[in-house]
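Subject: Structure handover

Hello,

Here is the structure I said I would pass on. My notes on what was found in it follow below.

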Amino acid sequence: MNLSKSLYTKGIQCPKALWLKKYKPNVLTSPDESALAVFDTGNIVGDFACNIFPNGKEVPFSKNYDEMIAITKQWLENGVENIYEATFNFFGILVMVDILTIQNNEISIYEVKSSTEVKDIYLHDVSIQYYVLKNLGFKIKSANVIHINNEYIRSDELDISQLFKIVDVTNDVISMQSNIPNILKEFERYLEDRENEPNIDIGKHCNNPYECDAKNYCWKIQRQIPDYSIFNIFNLGSKKQVELYDRGIINIDDVPHDFGMTSIQAQAVENYKSNITFIDKENIKSFLQNLTYPIYHLDFETYQQAIPLYKGLKPFEQIPFQYSLHIEYEDGTLKHKEFLAQDGVDSRYELALKLCEDIPSDVTVLAYNMSFEKGVIKKLANSYPELENHLLTINENIQDLMIPFQKKWYVTPSMQGSYSIKYVLPSLVPEFEKSYKELDGVQNGNQAMNAFANMSKLIETDKQKMRKSLLEYCKLDTLAMVKILEILKKV
C-alpha cells in the first residue's frame with residue numbers, strides 16, 4: 001500500500017475519497033481558484049515558518065521520492081540540525097515532515113499550517129508522521145503544530161516569533177498511535193479491490209473538515225441530488241438534513257408539512273412548494289422612506305495576507321484595495337466614482353482619503369450586507385485618526401439593501417430561501433447574470449481578490465488589462481444594487 005500523509009488524511013475524512021483518488025481520479029473536481037489560492041498561501045506560510053528554525057537545509061522536491069529519502073538520510077548522518085521537508089518511508093507510507101529538528105539524538109516534528117487554530121485533522125496529519133518515524137527507530141522528543149497567530153499586529157518589522165504559535169500536540173498524537181494500524185488495515189481492505197469503489201453514503205463528512213473533491217461525483221452524478229434540494233434549505237442544520245435524507249427525502253416538494261423546522265425554514269419550504277412570490281409592500285415602503293437622495297451605492301473589494309506585509313495589519317485581515325460608488329439622484333441620474341489601488345504598495349490611506357472626498361458626511365450610503373463595508377471603514381478609521389470623524393460618520397449613514405430580503409419582505413422561489421445577493425440578483429434582475437458571465441478576467445469576488453493579490457507578478461500589458469477587468473467588475477456590483485433598488489421602488 002502506497003500512502004502519503006495527504007492521502008492518509010483524505011482517507012480519514014472518507015475512505016471512498018481515498019479510493020477514488022487512487023483508482024478513479026478523473027471523477028474528482030479540480031481545485032478552483034480559491035483552493036489554489038489556499039495552496040499558495042500554505043506554501044508561503046510554510047516557507048516563512050522555516051525562519052523559526054534558521055540555518056536549516058531543505059530537501060529538494062523530486063518525483064523520485066527515493067532521492068528525497070536518500071538526501072534526508074545523508075543530512076541526518078551529517079548532523080544537520082534543522083531539515084525542511086525531511087522525507088521518510090515505512091512500508092509504503094511516505095511522509096514529508098515540514099520541519100524536523102534534531103538535538104541530542106532526539107527529533108522533533110513540526111507541521112506548519114496556514115490556519116489560525118489546531119484542527120482535529122491536523123492531529124491525524126502529525127500522528128501518521130509520528131507513526132512512521134517511531135517505526136523507523138527514531139527517538140521522538142515532541143510533535144507540534146505551527147499555526148498563524150491571528151492576534152499578532154505587525155509593527156515596522158515582521159516578528160516571526162509573534163506571527164506564529166507553536167502548539168505541542170505530543171500527548172494527543174501518542175494517544176492516537178494504537179489505532180493507526182487498524183486505520184491502515186481498513187484502508188488496505190478498501191484498496192485491495194481495484195474494481196469496486198467503497199459503498200459509502202453521502203453525509204456530513206462530504207464537507208468536513210474540507211469540501212471533498214469527490215462531492216460533485218457522489219452527489220450529482222451518482223445520487224442525482226438536484227441543485228436545490230433539502231441540503232439547500234436556508235439555515236437547516238446538517239442533523240435535520242441527514243434526518244430527511246435517511247427517510248429518503250431529497251426534493252423540497254417531498255418535505256412533510258409536519259417536519260420540525262423553524263418558522264423561517266418552513267417559510268422557505270412553503271415558498272418553494274407554492275412557487276409564489278411573496279412581497280410585503282408596507283415594510284418595503286417604510287424601508288424606502290428611510291433613504292434620502294442622493295443615494296451613494298458602495299461596494300468594497302478586499303484581499304488578505306497570511307503574512308501581513310504592512311504595519312498595523314493582522315494576519316488574514318481584510319485589506320480594501322478597491323471600491324465602486326454609484327451616486328443615484330432622485331431624478332434617476334447616475335454618476336460613478338471608483339478607486340483601485342496600485343499593486344505592491346500599502347494604499348489603504350490613499351483609499352480612505354479618496355473615500356472621504358467621494359462621500360460627503362451627510363448622505364445616505366447603501367451597501368448590500370453592510371456589516372462588511374462598515375467593518376472595512378471602521379478599521380480604516382482606527383488606522384488613520386485624521387480621517388476618523390469623517391469615516392465614522394459615513395458608517396453611521398450606511399443602510400443595508402439586504403434588509404428587505406433578510407427580513408423576508410421580498411421572497412421569490414428562485415431565491416431558494418437565501419438573502420445572499422448571489423441569489424437575489426438573478427431572481428430580480430436576471431439579465432445581470434449574463435452581464436457578469438460576459439466580463440473578461442474577473443467575474444466574482446474570489447477572482448477579484450486573487451487577481452489583485454497576484455497582480456505584481458504580471459507584465460505591464462497584462463497588468464493594465466487586469467486593472468480594467470477589476471474596475472468593470474466592481475462597477476457592475478454597485479450598478480446591480482441600483483437595479484435591485486429600482487425593483488423595490490416598483491413594489
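To begin with a single residue, Glu328 is buried, at 6% relative accessibility. Please keep in mind throughout that this is a predicted model.

Salt bridges

Glu328 meets the side chain of Lys489 in a salt bridge, at 2.6 Å from N to O. This pair links distant parts of the chain, with Glu328 in strand S10 and Lys489 in helix H20 (residues 460–489), 161 residues apart. Unlike the buried Glu328, Lys489 is partly exposed, with a relative accessible area of 36%.

Helix H20 also supplies Lys463, which forms a salt bridge with Asp343; here the closest N and O atoms are 3.2 Å apart. Again the pair links distant parts of the chain: Asp343 lies in the loop between strand S11 (334–340) and helix H13 (348–358), and 120 residues separate the partners. Lys463 and Asp343 are both buried.

Over the whole structure, a search finds 22 salt bridges. One of them joins Lys314 and Glu151, whose closest N and O atoms are 3.8 Å apart. Lys314 lies in the loop between S9 and strand S10 (319–328), and Glu151 in the loop between strand S6 (140–148) and helix H6 (160–163), so this pair ties together parts that are 163 residues apart in sequence. Lys314 counts as partly exposed, at 28% relative accessibility, while Glu151 counts as exposed at 52%.

There is also a network of salt bridges, which links Lys5, Asp98, Glu111, Lys113 and Asp125.

Aromatic rings

The count of aromatic pairs comes to 19. In one of them, the ring centres of Phe90 and Phe91 are 4.9 Å apart and the planes stand at 85°; an angle over 60 degrees counts as edge-to-face, so this pair is edge-to-face. The two residues differ in exposure: Phe90 is buried, with a relative accessible area of 15%, whereas Phe91 is exposed, with 73%. Together with Tyr131, Phe90 and Phe91 form one aromatic cluster.

A second pair is Tyr368 and Phe405. Their ring centres are 6.3 Å apart and their planes are at 25°, which is under 30 degrees, so this pair is stacked. Tyr368 lies in the loop between strand S12 (364–367) and helix H14 (370–383), and Phe405 in helix H16 (residues 403–406), so the contact ties together parts that are 37 residues apart in sequence. Both Tyr368 and Phe405 are buried.

Two charged side chains sit over ring faces. Arg189 lies over the face of Tyr190, 5.5 Å from the ring centre, and Lys240 lies over the face of Phe259, at 5.2 Å from the ring centre.

Strand S12

Strand S12 is covered on both faces: Thr364 and Leu366 on one side, and Val365 and Ala367 on the other, are all buried. Which strands does S12 pair with? One partner is strand S9 (residues 295–303), paired in the parallel sense over three bridges. In that pairing, Tyr296 stands opposite Val365 of S12. Another partner is strand S13 (residues 398–400), which runs parallel to S12 and is joined to it by three bridges. The bridge partner of Ala367 in S13 is Asp400.

Two buried residues

Thr412 lies in the loop between strand S14 (410–411) and helix H17 (421–428). With a relative accessible area of 8%, Thr412 is buried. Its side chain makes a polar contact with the side chain of Ser427, at 2.5 Å. Leaving out residues up to four places away in sequence, Thr412 touches Thr277, Ser427 and Leu428.

Tyr436 lies in helix H18 (residues 431–437) and is buried, with a relative accessible area of 13%. The C-alpha atoms of Tyr436 and Tyr473 are separated by 7.5 Å, although the two residues are 37 apart along the chain. Tyr473 is one of the residues that Tyr436 touches when those up to four places away in sequence are left out; the others are Leu425, Gln443, Leu476, Asp477 and Ala480.

Regards

How values were computed:
Residues numbered from 1 in each chain as written. Predicted model: local features only at pLDDT ≥ 70, side-chain atom pairs only at ≥ 80, totals over all residues. Heavy atoms only, no water. Phe/Tyr/Trp six-rings, centres within 6.5 Å; stacked < 30°, edge-to-face > 60°. Buried < 20%, exposed > 50% of the residue type's maximum accessible area, 1.4 Å probe, protein only. Helix = DSSP H or I, 4+ residues; strand = E, 2+ residues; numbered from the N terminus. Lys NZ or Arg CZ within 6 Å of the ring centre and 35° of its normal. Polar contact = N/O pair within 3.5 Å; in protein donor to acceptor, adjacent residues only side chain to side chain. Contact = heavy atoms within 4.5 Å. Pairing = 2+ DSSP bridges. Salt bridge = Lys/Arg side-chain N within 4 Å of Asp/Glu carboxyl O.
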